[in-house]
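Got your viewer open? Load the model, show it as a cartoon, and follow along stop by stop.

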Amino acid sequence: MRYLIDHVRQSVHRTTFANDNCHFHTTPAERREFSEDQTYIKKLIEEEKYEACTFCNIISVKPDTKDM
């Protein structure tokens, strides 16, 4: 899984589902980063208080199938 990290808004985006609603495009390119490192992403969210984008996060895009 590939992620786009917006260091200005402190948000993490799924590159597959990122769209205009995410507003990462207003962040300068030098303040954005791509990563596939799950450990790094988890650290940003849990320790650095970055937020998973609600517009492209897999939870908000993919339906919960455990109740189906």
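**Stop one: the hairpin**

Start by selecting Leu-4 and His-13: Leu-4 has His-13 in β2 as its bridge partner. Before going on, some housekeeping: residues are numbered from 1 along each chain as its sequence is written, and side-chain values use heavy atoms, leaving out hydrogens and water. This is a predicted model, in which local features need pLDDT of at least 70 and side-chain atom pairs count only at pLDDT 80 or more, while totals for chains, interfaces and linings use all residues.

Now widen the selection to β1 and β2, which pair in the antiparallel sense over four bridges. (Strands, E, of at least two residues and helices, H or I, of at least four are DSSP runs, numbered from the N terminus; two strands pair if DSSP finds at least two bridges between them.) The two strands make a hairpin with four residues between them. Pick Gln-10 in the turn and look at its phi, which is positive at about 50°.

**Stop two: the whole sheet**

Add the other strands and you get an open sheet of four, ordered β3-β1-β2-β4, with mixed pairing. At the edges sit β3 (32-35) and β4 (51-52), each pairing on one side only. The pairing of β2 (residues 11-14) with β4 is parallel, over two bridges. Click Val-12 and its bridge partner in β4 is Ala-52.

Next, bring in helix α1 (residues 38-46), which packs on the sheet and touches β1 (3-6), β2, β3 and β4. Contact here means heavy atoms within 4.5 Å. The direction of α1 makes about 35° with that of β1; axes are lines fitted to C-alpha atoms, for helices over the stretch in contact, and angles run from 0 to 180 degrees between N-to-C directions.

Stay on β2 and show side chains. Are its faces covered or open? Both are covered, with Ser-11 and His-13 buried on one side and Val-12 and Arg-14 buried on the other. Buried means under 20% relative accessible area, exposed over 50%, and partly exposed in between, with a 1.4 Å probe and protein chains only.

**Stop three: a charged pair**

Select Lys-43 and Glu-48, which form a salt bridge with their closest N and O atoms 3.9 Å apart. The criterion is a side-chain nitrogen of Lys or Arg within 4 Å of a carboxyl oxygen of Asp or Glu, and the structure holds one such bridge. Lys-43 is partly exposed at 38% relative accessible area, and Glu-48 is partly exposed too, at 39%.

**Stop four: two cysteines**

Pull up Cys-22 and Cys-56. How many disulfides are there? The count is zero, taking a disulfide as a pair of cysteine sulfur atoms within 2.5 Å. The sulfur of Cys-56 lies 3.7 Å from that of Cys-22, so the two are too far apart for a bond. Cys-22 is buried, with 6% relative accessible area, and Cys-56 is buried with 0%.

**Last stop: a loop and the confidence colors**

Jump to Asp-20, in the loop between β2 and β3. Asp-20 is exposed, at 61% relative accessible area. Its C-alpha is 9.2 Å from that of Phe-55, 35 residues apart along the chain.

Finally, color by pLDDT, the predictor's confidence in each residue, from 0 to 100. The protein chain averages 87, and 84% of the residues score at least 70. Among its elements, β3 has the highest mean (97) and helix α2 (residues 58-61) the lowest (52).
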